[in-house]
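Trainee: Could we go through this chain together, starting with its overall make-up and ending with its charged pairs?

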Amino acid sequence: MGEIATGAAVLCVGAAALEMGGWHSGARRAQLLLAGGGVVATGPPSWREMSGQLRRLRGRLGAEWWVLVAGLVLALLGVSVLPVLAGAAGVPLARRARRAGEARRARERRGDAVIALCGAFAGEVRSGRQPGEALLRAAHDSGGLGDAQAAVLAAARFGGDVPGGLSGAARQPGAEGLLGLAACWRVAVDQGAGLAAGLDRLEAALRAERDQRADLRAQLAGARSTALMLAGLPVLGLLLGSALGADPLHVLLHSGAGLGCLLIGGLLEGLGMWWAMGIVRRAEAG
């Protein structure tokens, strides 16, 4: 077990070293020489170059690979390959959590951009511009139309179906407020109602909804923090056991009773986190 864990750690370190300075640096030297780039330095890279390569490697791999690194560290400390396997299994879960967080932040940014678009659009209309020109200027300043901006702006410039384009852009997560903008456009163009007043009411409603979500998220932050703190208590127990000289990693990884406790405890830990986070997600959705 110890040899396997050590071998896995050596392989990972070797791969990182090759990624930072092996094959790629050799390929760069060959390209520079063949292109007539002059003298190429072959000395060891500086600390600034190494830190830059480490940042690029970290950005390429993603934060979820730290789970595997933690598994390697535990494998070396516990002289067992089981933490490596657990870390490898946890990488997809951590990647899914990271992508969910990125999607949520992108949705919030898109919602803020829609609110800014409504405010800028109302200001342009109030200044005396026609709706099409006002939408062009407001969209250019706020970027609230997202990926569908080109289609909507083309419809506004050439007299196309602007409400249809806005309704299509509202399918993007976080851009649902564009449905209200499309309704304001239809009412103003078809019935001659005041577009600026409707946009002001729409902006106020979207801001109130955003503030309500932020307030709810702040209220649920305590429950989420409590769940995460309770999930970290087993790690604290392992640290306390190691400080007292009980060697809990050896008991968990090299005995039948310890492996059974580890399996059952890990299963209960995962079910508890899934249940607690599910309650928080349902509360946020409500």
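What follows is a set of questions and answers about this predicted model.

Trainee: How many helices and how many strands are in the chain?

Mentor: Good place to start. From the N terminus on, the elements run α-α-α-α-α-α-α-α-α-α-α-α-α. The count for the chain is therefore 13 helices and zero strands.

Trainee: And what percentage of the residues count as buried?

Mentor: Let's take the surface along with that. The accessible surface of the chain comes to about 17900 Å², and carbon and sulfur atoms hold 65% of that area. Of the 286 residues, the share that counts as buried is 29%.

Trainee: Among contacts between residues at least 6 apart in sequence, what percentage join residues at least 24 apart?

Mentor: A contact here needs heavy atoms within 4.5 Å. Once pairs less than 6 apart in sequence are left out, the share of contacts joining residues at least 24 apart is 56%.

Trainee: Which helix gives the most residues to the largest nonpolar core?

Mentor: That core has 33 residues, and the members touching the most others are Leu117, Phe121, Leu135, Leu145, Leu166, Leu178 and Leu181. Helices H5, H6, H7, H8, H9 and H10 each give two or more residues to this core. With seven residues, the one that gives the most is H5.

Trainee: Leaving aside neighbours within four places in sequence, which residues is Leu145 in contact with?

Mentor: Leu145 is one of the core members that touch the most others. Leaving those sequence neighbours aside, the contacts of Leu145 are Leu117, Ala139, Val152, Leu153, Leu166, Ala169, Gln172 and Leu178.

Trainee: How many residues make up the other core, the one that includes Leu68 and Leu72?

Mentor: This core lies apart from the largest one. Val81 and Val84 are also among its members. The total is six residues.

Trainee: Now to the surface. Is Ile279 buried, exposed or partly exposed?

Mentor: Ile279 lies in helix H13, residues 256–285. Together with Leu263, Ile264, Leu267, Leu268, Leu271, Trp274 and Trp275, Ile279 makes a nonpolar surface patch of about 960 Å². In general, nonpolar side chains of soluble globular proteins tend to be buried together. Because its relative accessible area is 37%, between the 20% and 50% cut-offs, Ile279 is partly exposed.

Trainee: On to the charges. How many residues apart are Asp112 and Arg210, which form a salt bridge?

Mentor: The closest N and O atoms of Asp112 and Arg210 are 3.1 Å apart, and this pair links distant parts of the chain, with Asp112 in helix H5 and Arg210 in helix H10. Both residues are partly exposed, Asp112 at 34% relative accessible area and Arg210 at 25%. Along the chain they are 98 residues apart.

Trainee: Which residue forms a salt bridge with Arg126?

Mentor: Here again helix H5 is linked to helix H10, by a pair 74 residues apart. At 51% relative accessibility, Arg126 counts as exposed, whereas its partner counts as partly exposed at 32%. The closest N and O atoms are 2.3 Å apart, and the partner is Asp200.

Trainee: Is Glu124 buried or exposed?

Mentor: Glu124 sits in helix H5, and its side chain meets that of Arg129 in a salt bridge, at 2.5 Å from N to O. Arg129 is partly exposed, with a relative accessible area of 29%. Since the relative accessible area of Glu124 is 15%, and the cut-off is 20%, Glu124 is buried.

Trainee: Which residues does Glu124 touch, not counting those up to four places away in sequence?

Mentor: For a sense of the surroundings, the C-alpha atoms of Glu124 and Leu136 are separated by 9.7 Å, with their positions 12 residues apart along the chain taken as the spacing. The residues that Glu124 touches are Arg129, Ala134, Arg137, Ala138 and Asp141.

Trainee: Last one: which residues are linked in a network of salt bridges?

Mentor: The count of salt bridges comes to 13. The residues linked in a network are Glu64, Arg95, Arg98 and Glu102.

Note on methods. Residues numbered from 1 in each chain as written. Predicted model: local features only at pLDDT ≥ 70, side-chain atom pairs only at ≥ 80, totals over all residues. Heavy atoms only, no water. Core = buried A, V, L, I, M, F, W, Y, C linked by side-chain atoms within 4.5 Å. Buried < 20%, exposed > 50% of the residue type's maximum accessible area, 1.4 Å probe, protein only. Helix = DSSP H or I, 4+ residues; strand = E, 2+ residues; numbered from the N terminus. Patch = residues over 30% accessible without salt bridge, like charges linked within 9 Å, V, L, I, M, F, W, Y side chains within 5 Å. Areas by Shrake-Rupley, 256 points an atom, 1.4 Å probe, with all protein chains shown as cover. Salt bridge = Lys/Arg side-chain N within 4 Å of Asp/Glu carboxyl O.
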